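The following exercises lead the reader through a structure in steps. Each task is followed by a worked solution.

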Amino acid sequence: MALPEILTGMRVVIRNVFKGKETMSYPEVRRQPWPRFKGRHVLERHPDGLEKCIGCELCAGACPADAIYVVGAENKPGARFSPGERYAQIYQINYLRCIFCGLCVEACPTEALLMTTEYEISGTSRDDLVYTKEQLIVDAPIQRHWDTKIEYSPDRTTKQKAGRDGASS
Amino acid sequence: MSDNDSVTLTINGREVAAEPGRLLIDVAEELGVFVPRFCYHPGMKPVAVCRMCLVQIEGQRKLQPACSTPVADGMVVNTQEAGAVDAQEGMLEFLLINHPLDCPICDRGGECPLQDQTYKHGPGSSRYVEPKRTYEKALEISDLVVLDRERCVLCWRCVRFSDEIAGDAFIQLVDRGPGTQILTFNDEPFDSYFSGNTIQICPVGALTSKPYRFVARPWDLKSAPSVCSYCSVGCPITNESRDEKLVRCQALPNENVNDFWICDKGRFGYHYVDSDERLTAPLERGANDEFQDVSWDHALERVAAKLRDGARVGVIAGGHLTTEDAWAIGKLAKNVIGTRDVDSRVADAGAPYADVMISGLSPAAGSSATINDLATARTIVWMGPDPKEALPVLYLKLRGAVLDHNAKLIVVSPRRLSLDGFATHVVRSEAGGEARAVDELMSSPAADDIGDPMVICWGPSSPGRDDAGVVAALGRLGAARDAKVLMCPPHSGSQGLLDMGVHPSLDAGHETAAEPGRDTRAILQAAADGRLDVLLLFGADVIADFPDADLAGRALGGGAHVVTVELFPTETATRSDVLLPSAAFAEREGTFTNLERRIQKLEPLLEAPGVAREPWRICVALARLLGDDWGWHSFVDVWNDIRSNVRTHTEVDIDALSARGPTPAPQYESGYEKDPSHSGGVVAGPGGQYPKGYRSGTPFQTGQNWPLSWELRGFEARQRPGIVAGTPNGARPSPSGSTTSTGSAAPDGESADGFVLYAGRMIYDEGTMISKSTALRHIARRPFVELNEEDAKELELSEGDEAVVRANGTEARLEVRLADIARGAVFIPYDQKGFRANTLTSAPRVTLARDL
Ligand code: SF4
Ligand code: SF4
Ligand code: SF4
Ligand code: SF4
Ligand code: FES
């Protein structure tokens, strides 16, 4: 008789029939990532508003995917962007290439480059996915393509109305 | 166990034989033992001030600096035992005490000997917690150099370079003790023609380049070896690009040519390559006199149509073309079009290069001496333009020959040259009397210092002067002794054009042509008179450069169909009928032949803009349309043709041009290489590769990183020596052979009025390439006229006045400068701010008057 074997096999199925669902109807319902999740980057500012990034290209040098492009330039009186002599005139991250390894963040000598938990990075053209300095700087709003109604905490124990702190926890 | 020319010593347990007198640091390096260093540089004398290179020598109580210790027989040296390692760590800890944490913003970061050596030999941490010494950062000490004193490690390299090599000590150590710092004197600018070399040799980021400031980091760069495209010294350089733009040129050492140095024109004059004004597509003058973009096929077909059917054609080539272009142009003109009216002398129109051969000074219309012969010469005679302005690195070599090798330098010139300061004898010739002064040399006080071996340096002086007479006189001087000649034509391509027979009376391989054709002046005259159907100009801006601007202008308006191959829409180009875009030096594979006839290779780094092509490809296409298919598709094809047709170039091995020279053993025990135990670790140094992530790449492959370690070392100077072209085997042409190249050189009659005019090039001018080079174009100075004090007194002129200079109905207002110049002579520079000297140089004499 093969019945015991069949029942043994079905045990997993039967147990899961009564468990809660893992899937949720994204994007209306979504789950916040864990705080140390490595999502898209931001460029920080100093408290006085100057950019922390000095355009040193160390992040670009560290990047294994060659996703970062930086061109430095000199701060001039009347056109100061960062403390010191050098700032990033062009700063771009190509999210078609980035593998979210975080090596760039480790390389950054000024802690200008940080990662958020934002993972919604999609677009309709390649150009859309090359983020410029204007999009990456910390005070630029993080844009989401869809409205989210309900957001779960990372362990899904709490459920809250979305919209208060977005995704950058 | 040693004989006289070899001693045996032991370094880190390995025995090595070396020439006595060599420095320990060099011998160790060739063995593969890198001794860390800051102050030592193979191109300069050792001073042993940085103490980084201390090594243990058995039997010596104290550590000795390897950079100033000559090897001795039986020496037992250790660079890796506790004592030496302690010293290295200690020195680095001290150096870093006051060194700012600037690496992320420092232009040297990533290729910095201080970084590399600290990483390899440093202590790993510092015990110093007090505040660091600070200075004001980023001082712009000239238009080209930025100084950051905080980063300086006081190695004296820049100071020694300025003093020892360039001879203009603009940069100095000031103050003493902990306040010692590098500064220019009294805040005067670092106004040297060679200042860029201090940037390249500074072992930290204390001296950095202003044009390259924050433009790229080393890991962004693609680089390829090349040759400077300006003057005929032909200094090898590396071109480096970021995002397909040329962003930096640095000296590539060659012990035969430039040692380790280049001038600031070669280093900073590269922006023209990426100028927006470059021509990118063939242009044709349309019906309403406006240029229209056309296709290559259309443009070439139109040119070919004009060239067919016995058209009367004149061909003029400018001085910045490669040897391959020269061969193609000569072949197109002589074999396909069938004209002998072809010349490559534009600014130097009429210069009697062929006379150098005819006078017996050299078996070719070019140098018989090499640049390094200067160092072994007993006597050097200089008769030519001011080398510091016209051939800057040759000036360094001349200076080194006199000051380091005790050559006797005799300068014959009607005006003070930069050489006068260290020349053994200065012979101030009369205005227009250079030939006579040369003839009288043997009866002058200089005669005592004339001995063999002798090198006679000659370069064309100024339009209208009797250069043929000068060369004849030099021939007489040289005939009596063991003399060689160093012939100095002006531009990077000039000698290659002569070698390839782009000359009315010479064929390729320095064969005298049976029937000489017209020279530049005669071609332009024919065009002006309407006796030419087509004028083909290859990189020749005749309006700007030909000594008679008026004639050039009339030639372009004389009804000939003018076809120009150019980089830029120059004044000449915009007056032509068809304009064909050319590739620039960084965009092409080719060779330049320098003034000692050394052939050196350019490797392409960039794509030419638009559809611009190399001039030789244009010639190939035209020849095909005219019914002669040469079958050339590549650089190699051109050279196969050259080697089988040009008798002086049969031996040139083009593979050897780009191969690495013989190098010492590649094992490195310490230095920049990875830990050898590390799997896959590669070895830096001669014959080796640089570790991955640090300028990796296969040597000499185009587009790969050229593995020039930032730290220039002796063995790198032997990497790409280039090849000196052969000389014709046949007998020398007899001196009675007719000289056809006298051009406008008419001896100056005693009775003529006015002043004898000398015109000469300054290092920075408003030439096409420099005026498009953003870093240099502001440096061109105000035009001036140099005048003898007595003459000035008679004309009631004094320093700084404005004088009206008139010649042939044109006039210019120029600032008067009193100078050490023969009476009756005046000097004006070419193409300084807003002034084209060739509006005046059409006449051999000018008149001067006070501006009222
Ligand atoms: S996270 Fe990694 S792959 Fe992405 S940009 Fe940074 S270094 Fe590059
Ligand atoms: S983000 Fe950081 S590492 Fe990248 S360029 Fe800016 S300062 Fe340098
Ligand atoms: S500026 Fe550079 S080259 Fe000059 S002494 Fe300082 S570290 Fe040496
Ligand atoms: S000396 Fe001449 S070839 Fe050398 S870098 Fe200067 S201009 Fe170029
Ligand atoms: S003391 Fe020898 S390199 Fe400086």
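**Exercise 1.** State which residues of α7(B) and α20(B) meet, and describe how these two helices pack.

*Solution.* In this predicted model, the α7(B) side of the contact consists of Leu300(B), Glu301(B), Val303(B) and Ala304(B), which meet Ala621(B), Leu622(B) and Leu625(B) of α20(B). Sorted by class, the contact of α7(B) with α20(B) holds six nonpolar residues, no polar residues and one charged residue. Next, consider the geometry. Helix α7 of chain B covers residues 296-307, and its axis lies 9 Å from that of α20(B), at an angle of about 60°. Angles under 35 degrees count as roughly parallel and those from 65 to 115 as roughly perpendicular; α7(B) and α20(B) are therefore oblique to each other. The handedness remains: the crossing of α7(B) and α20(B) is right-handed.

**Exercise 2.** Determine how α8(B) is oriented towards α20(B), and list the residues that meet.

*Solution.* Begin with the axes. Helix α8 (residues 323-337) and helix α20 (residues 615-625), both of chain B, have axes that come within 8 Å and cross at roughly 25°. Because of this angle, α8(B) is roughly parallel to α20(B). The crossing in which α8(B) passes α20(B) is left-handed. Turn then to the residues. From α8(B) come Glu324(B), Asp325(B), Ala328(B), Ile329(B), Leu332(B) and Val336(B), and they meet Pro615(B), Trp616(B), Cys619(B), Val620(B), Leu622(B) and Ala623(B) of α20(B). In this contact, 10 residues are nonpolar, none is polar and two are charged.

**Exercise 3.** Apply the same steps to α16(B) and α18(B).

*Solution.* Helix α16 of chain B spans residues 520-528 and helix α18 of chain B spans residues 549-556; their axes come within 7 Å and cross at roughly 50°. α16(B) and α18(B) are therefore oblique to each other, and their crossing is left-handed. Leu524(B), Gln525(B), Ala527(B) and Ala528(B) of α16(B) make the contact with Leu551(B), Ala552(B), Arg554(B) and Ala555(B) of α18(B). By class, six of the residues in the contact of α16(B) with α18(B) are nonpolar, one is polar and one is charged.

**Exercise 4.** Describe the make-up and the extent of chain A.

*Solution.* First, count the elements: chain A contains four helices and eight strands. Second, read them in order along the sequence, which gives the pattern α-β-β-α-β-β-α-β-β-α-β-β. Third, compare the radius of gyration, 22 Å, with the 15 Å that the globule rule gives for 169 residues; the value for chain A is well over the rule, so the chain is more spread out than a compact globule. Fourth, take the principal axes: along them, the C-alpha atoms of chain A fill a box of roughly 85 × 35 × 30 Å.

**Exercise 5.** Which parts of chain A touch chain B?

*Solution.* In the contact between the chains, 13 residues of chain A meet eight residues of chain B. On the side of chain A, α2 (58-62) and β3 (68-74) each supply at least two residues. The largest share, three residues, comes from β3(A). By class, this side of chain A has five nonpolar, four polar and four charged residues.

**Exercise 6.** Identify the residues that come nearest to ligands 1, 2 and 4.

*Solution.* Take the ligands in turn.

- Ligand 1 has 14 residues around it, of which Cys63(A), Ala65(A), Cys98(A), Cys101(A) and Cys104(A) come nearest. Its shell has 13 nonpolar residues, one polar residue and no charged residues.
- Ligand 2 also has 14 residues around it, and Cys53(A), Cys56(A), Cys59(A), Cys108(A) and Leu113(A) come nearest. Its shell divides into 11 nonpolar, two polar and one charged.
- Around ligand 4, the nearest of the 14 residues are Cys228(B), Cys231(B), Cys235(B), Cys263(B) and Gly266(B). Here α6 (264-268) and α12 (392-405) of chain B each supply at least two residues of the shell, which has 10 nonpolar, three polar and one charged residues.

**Exercise 7.** Locate the cis peptide bond at Pro27(A), the cis peptide bond at Pro453(B) and the positive phi of Glu244(B).

*Solution.* Most residues other than glycine have a negative phi, and most peptide bonds are trans. Tyr26(A) and Pro27(A) are joined by a cis peptide bond, with omega about 5°; Pro27(A) is in the loop between α1 (3-17) and β1 (29-31) of chain A. A cis peptide bond, with omega about -5°, also joins Asp452(B) and Pro453(B), and Pro453(B) is in the loop between α13 (434-439) and β21 (454-458) of chain B. Glu244(B), although not a glycine, has a positive phi of about 60°. Glu244(B) sits in the loop between β12 (236-242) and β13 (245-251) of chain B.

Note on methods: Residues numbered from 1 in each chain as written. Chains lettered and ligands numbered in written order. Predicted model: local features only at pLDDT ≥ 70, side-chain atom pairs only at ≥ 80, totals over all residues. Near = placed C-beta within 6 Å. Nonpolar A, V, L, I, M, F, W, Y, C, P; charged D, E, K, R; others polar. Axes fitted to C-alpha atoms, helices over the stretch in contact; angles between N-to-C directions. Parallel < 35°, antiparallel > 145°, perpendicular 65-115°, else oblique. Left-handed = near helix turned anticlockwise from the far one by under 90°. Contact = placed C-beta atoms within 7 Å. Rg over C-alpha atoms; globule rule 2.2 N^0.38 Å.
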